[in-house]
Amino acid sequence: MRFGLLARAKLDKVTIDNDLISIILPVFNAQKTLQRAINSIIKQTYPIWELIIVNDGSTDNSISIIKNINDKRVKKIFLKENKGLVHCLNLGISLSKGIYVARMDADDISLPERLFCQLQFLKYNIIYDLVGSQSYVFDDDTKSIINIHPKNQKKYLSKIYYFSYDIPHPTWMARSVWIKKYLYQEDNVYSEDQELLIRASLKSNYFLMNEPLLLYS
């Protein structure tokens with residue numbers, strides 16, 4: 001599969017407004033997949049971003065991988081002790097400078113057009129606070145795609161109550177003002193994404209794009 005060509009063609013035709021996107025990447029003992037995750041951000045068709053890597057007390061070679069990244073857009077934070085995913089996400093968000101904040105996991109791959117497509121959606125659909133996308137679910141051993149999840153585009157509007165939100169967490173991009181207002185609950189370590197979306201739902205709108213923009217391991 002060839003990804004990114006359509007986004008590059010679109011990018012040539014639009015004016016880049018210098019809208020900074022902050023990507024938060026928590027890392028804990030991810031030496032096998034971390035480099036490719038970082039590379040997938042560096043290779044994005046949209047170039048105006050900062051990648052905030054929060055190393056959560058790793059004990060493997062993740063630290064060396066992070067230290068060897070030579071890109072001024074990459075911010076490196078090293079925690080001496082493991083604090084957990086929620087702590088790292090909130091820390092990264094608090095340090096972010098972007099107009100938009102995106103999620104990234106150390107074992108996934110963002111397709112080259114991901115940031116551009118999600119940025120364009122949020123810029124031109126101002127009622128939405130957060131956008132996610134479908135993802136290709138792939139087998140890390142065989143490197144083969146198993147399926148696409150979720151199957152259909154969804155609109156989640158504040159006027160309607162939802163018991164849960166089928167928006168894959170690693171595909172999120174949100175408005176910075178919105179996510180800094182709500183943040184993640186530090187005492188919720190099993191369903192932090194659903195808790196945040198449900199807690200904010202009465203005053204928030206979410207959208208799931210009908211386009212896979214991430215390889216989910």
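Cys88 has a relative accessibility of 0% and therefore counts as buried. Cys117 is likewise classed as buried, at 12% relative accessibility. The structure, which is a predicted model, contains 0 disulfides.

Charged side chains offer another route into the fold. Side chains of opposite charge can pair when their charged atoms come close. In this model there are 6 salt bridges. One of them joins Arg36 to Asp140, with a separation of 2.8 Å between the closest N and O atoms. Arg36 belongs to helix H2 (residues 34-42), whereas Asp140 sits in the loop between strand E6 (130-139) and strand E7 (144-149); the pair therefore ties together parts of the chain that are 104 residues apart in sequence. Arg36 is partly exposed, with a relative accessibility of 21%, and Asp140 is also partly exposed, with a relative accessible area of 22%.

Asp140 has a further partner. It forms a salt bridge with Lys143, where the closest N and O atoms lie 3.5 Å apart. Arg36, Asp140 and Lys143 are thus linked in a network of salt bridges. Lys143 is exposed, its relative accessible area being 54%. Lys143 also has a distinctive backbone setting: in the hairpin of E6 and E7, which has 4 residues between the strands, this lysine adopts a positive phi near 60°.

From this hairpin the reader may turn to strand E6 itself. Of the 10 residues of E6, 9 are buried, so the strand is largely enclosed by the rest of the structure. In a regular strand the side chains alternate between the two faces of the sheet. The pairing of E6 involves several other strands. With E7, strand E6 pairs in the antiparallel sense over 5 bridges, and within this pairing Phe138 has Ile145 of E7 as its bridge partner. With strand E10 (residues 206-216), E6 is joined by 7 bridges, and these two strands run parallel; here Gly132 stands opposite Leu208 of E10. With strand E9 (residues 173-175), E6 shares 2 bridges in an antiparallel arrangement, and Val131 has Met173 of E9 as its bridge partner.

A second example of charge pairing occurs elsewhere in the chain. The side chains of Arg103 and Asp105 meet in a salt bridge, with an N to O distance of 2.9 Å. Is this pair buried or exposed? Arg103 is buried, with a relative accessible area of 5%, and Asp105 also counts as buried, at 17% relative accessibility. Asp105 falls into that class because its value lies under the 20% limit for a buried residue.

The last stop is Lys97, which lies in the loop between helix H4 (85-95) and strand E4 (100-103). This lysine counts as exposed, at 68% relative accessibility; the class applies because the value is over 50%. Which residues does Lys97 touch, leaving aside those up to four places away in sequence? Its contacts on that basis are Leu20, Ser22 and Glu50. Ser22 and Lys97 are 75 residues apart along the chain, yet their C-alpha atoms are separated by 6.7 Å.

Technical notes. Residues are numbered from 1 along each chain as its sequence is written. This is a predicted model: local features need pLDDT of at least 70, side-chain atom pairs count only at pLDDT 80 or more; totals for chains, interfaces and linings use all residues. Side-chain values use heavy atoms; hydrogens and water are left out. A salt bridge is a side-chain nitrogen of Lys or Arg within 4 Å of a carboxyl oxygen of Asp or Glu. Buried means under 20% relative accessible area, exposed over 50%, partly exposed in between (1.4 Å probe, protein chains only). Two strands pair if DSSP finds at least two bridges between them. A disulfide is a pair of cysteine sulfur atoms within 2.5 Å. Contact means heavy atoms within 4.5 Å.
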